[in-house]
Every structure is written in C-alpha cells, then in structure tokens.
Amino acid sequence: MPEVPATTFKLAERVERIGVSATLAVLNEAEKLKAQGVDVVDFGPGEPDFPTPEPIKQAAIQALHDNFTKYTPTPGIPELRQAICDWHARELATAYQPGECLVTVGGKHGVFNAVSALIGRGDDVLLPVPYWVSFPEIVNYCGGRVVPVATEEANGFRLTAAAVERAWTEATKLVIVNSPCNPSGAVVDREEFARIFDLCRRRGALLLSDECYSHFVYDGAPFSVASLPEAKPHLVVIGSLSKTFSMTGWRLGYALAPPPLVQAMIRLQSHSTSNPTSIAQKAGVAALRGPMDSVRAMLAEYARRRARIIAGLNAIPNLRCAEPHGAFYAYPNVGGWMRARGVKTAAEVAKRLLDEVHVVVVPGEAFGTAEHLRLSYATSMERIEEGLRRLTRFFS
Ligand code: PLP
C-alpha cells in the first residue's frame, strides 16, 4: 500500500462551524442495510414518493431537443420569473414582479442566498424549535447567532407571536418561520402570522418565510404571509418546486424579496451557481403554468396516510404524537419510553430502531428537540402498515 501523505491543510473556520446534515447520516446507515438486502421500512425521506408529472418531464425533454442547454441569466429565465410571480399571485394572493424574484437551485439554496446576503457576525436570527436542520447550520456558517424560539408540543408546536416576542434580542435581524413546518407539520394560522409579521415590522427585523410546503395543508387553503397588506418590504419568501410538484432532483426553488435584497442575492449567485439548470427552468415553467391536479392528488393521498400513521402511532404504548396540520411528517414523542428504558438520546432510539426492527427514522436532535423522532409518511400505505407493526413490536 502506498503511504498516504499526512494532510497539510486546515479547513476554514466557517466550515468547521457546520456539521453534515443529520438527516443524511441516518439515511447513509439505512442505505448500507438496504445494500445487504435487508427489508428496511424507510420513514426517512423528506421527499414525495410520486413521480414528477408527465407534462413537466416533457417540457424538459422538449428543452433538450431545442438545444436549450446553455447558460441562462443568473436570476433565471424571464419566463420562469414571470411564471413564479403569476403562480404565486394565483395560488397565494400575492403581487410580486419578476424584479422581486430570484430563481435558485432549490429552496435550500434560496435560504442560503438570503441568509448569506443578510447575516454576519453580531446578528441574531430567531428560529422556532423544532426547526428544519439546515436553518441553524446556514446561520452558523454565515457567522450569525441562532436564538431558539420555544413552541409547545401540547399546542401542536404551533408558533405564537408571544413566543417570538419573548425570545427577541437587541441584535435580532431576521426571524425565520417555516409553515407548514418540517419536522412538526405545525401550521401558523393567518391571524397569528399577522401578529408575528407585525412584531417584525415594528421592530425593524426581516421575516424569512419558508413556504416550501405551502400546498400541503390539511385544513383550509394554502397561505402566504406575503398576501398581508404592506408585507413585501419586510419579507423574504422562500419557495420550492421540490415538494409541490414532486421535483426534488430538479433543484428548483425561488426567493421573493425586496429588490435590493434580490440584487444582492443575484450578485452572490453570479459567483456560485451562475444560474439554475437551463432545462429544469423550462420544466419549472410547465409546472407553474400547468393544472394543479397532481398536487391535489398527492395531498389527498398524504391526508389518508396521515390519518393512518397518527392513529397508529398514538395507539402504541409510551408514544404520543401531535397531529400535524401540514407537510408530510409525523413527530412523535418517545420520551416516556426513553425514561422507562434509561435511553438518553433520540439518536440512540433511532439507531436501535434501525438495528433491531430495520425502521428508518430521523432523531429529534437534528431538529433541536431531545425526545422525538421524525417519520416521513411520503411512503406507501403498505410500508406505513408494516412500519407501524414493527414500531409496535419495538416500543411495546
Ligand atoms: N425548506 C424546508 C423546510 C425543507 O424541508 C426543505 C427540504 O426538505 C427545503 C427548504 C429545501 O428543499 P429544496 O432545496 O429541495 O427546494
């Protein structure tokens, strides 16, 4: 074996501040088991289990045939920026112009661009707990400080303006709200959202509203805080085609924001990705201009699965699960079982579930809580039934 030379470089401090996504770590373990032929029930994936609808795929194929395969403008092709604004107006009652819109390489990239353009040393970012894994990491990477905002499990983890106000600091520059929420499925209702927004506006902080799951709500209609009067100057909306149109691999998202912030994000994007993929952008136009029937069909199926998995989880002794009102995740509390067994971390519960009954879940530590597991029900009813059988065996 040739000798491997000792590494001589030191990583940048900013990258030492972040860890690999905990979601990915669990999924890697599961992949190893699957590769050995083990029958794994996978509640891990944060993506729809439906194919991308055919007309969207055809638009990308057509783009290839048309040789639409070169660089595009950095903020996205004009017809897609217009299509995003039109779709948002139609679906969420907002009034954005293309100059207020930036197309990004997925919603995550939109969050990354926005936080990078806004946050640096000395800035505080309020973040409701539980949170999507990438929010704190992106804030840390940018040198900002994450200030957690408490939510109550008994209240379905719903964020309140009072909790945001309690967490407020002198240095608060940005408040992140993700409704519907990954991982809890909590939805902030219109009135509470208006109160949270008003607090941000009065105190001079921006609100970043991650609306990637906007169309997966089980009671009432999709809502964007951008539809509130006078909201736009104080708001960054992050959206994504990933979940809505089952397009996770296409990497297409967007940010809607005041023009100076859009310009700053364009500067940043021009030196990183240059532009989102050309053919994906054409597919995006087809998705946003097309009928919403596939979205409605997915939502109906998720609703069926949600009812089954929540009932199933709550029937397991030592487990309780708040009802999610949006997205496609269940976030059960396993604290009772952990205490009874002397198990200290949700990560250990997740590891044992994988090893002993071959069920993949994401431990709550990834989302900032110590006693929960995240289960995605973007998987078939048959796998949900099998998973519930195994969970019942494990926890009983
Ligand atoms: N925001 C939230 C809350 C998410 O859960 C995700 C993906 O899981 C994203 C943003 C990013 O999605 P994408 O980058 O695929 O658009």
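**Figure 1. Residues around the ligand in the predicted model.** Of the 13 residues surrounding the ligand, those that come nearest are Gly-107, Asp-210, Ser-240, Ser-242 and Lys-243. Sorted by class, this shell holds six polar, four charged and three nonpolar residues.

**Figure 2. Side-chain polar contacts of the ligand with Ser-240, Lys-243 and Arg-251.** In the side chain of Ser-240, an N or O atom lies 2.5 Å from an oxygen atom of the ligand. For Lys-243, the distance between a side-chain N or O atom and a ligand oxygen atom is 2.7 Å. The side chain of Arg-251 likewise places an N or O atom 2.7 Å from an oxygen atom of the ligand. The ligand taken alone exposes 390 Å², and 93% of that is buried by the protein.

**Figure 3. Helix 13, residues 346–357.** The helix has 12 residues and, at 1.5 Å a residue, should span 16 Å. The C-alpha atoms at its ends are 16 Å apart, which agrees with that expected span.

**Figure 4. Buried residues of helix 13.** The residues Ala-346, Val-349, Ala-350, Leu-353, Leu-354 and Val-357 are buried. These residues lie on the same side of helix 13 because they cover an arc of only 135° around its axis.

**Figure 5. His-358, just after helix 13.** The backbone at His-358 takes a positive phi, with a value of about 55°. This residue comes directly after Val-357, one of the buried residues of the helix.

Technical notes: Residues are numbered from 1 along each chain as its sequence is written. This is a predicted model: local features need pLDDT of at least 70, side-chain atom pairs count only at pLDDT 80 or more; totals for chains, interfaces and linings use all residues. Side-chain values use heavy atoms; hydrogens and water are left out. A residue is near a molecule or strand if one of its heavy atoms lies within 4 Å of it. A polar contact is a pair of N or O atoms within 3.5 Å; within protein, one must be able to donate a hydrogen and the other to accept it, and residues adjacent in sequence count only if both atoms are side-chain atoms. Accessible areas come from the Shrake-Rupley method with a 1.4 Å probe; for residues, only the protein chains shown count as cover. Ala, Val, Leu, Ile, Met, Phe, Trp, Tyr, Cys and Pro count as nonpolar, Asp, Glu, Lys and Arg as charged, and the others, Gly among them, as polar. Helices (H or I, at least four residues) and strands (E, at least two) are DSSP runs, numbered from the N terminus. The expected span of a helix is 1.5 Å times one less than its number of residues. Buried means under 20% relative accessible area, exposed over 50%, partly exposed in between (1.4 Å probe, protein chains only). The arc is that of the directions from the helix axis to the C-beta atoms.
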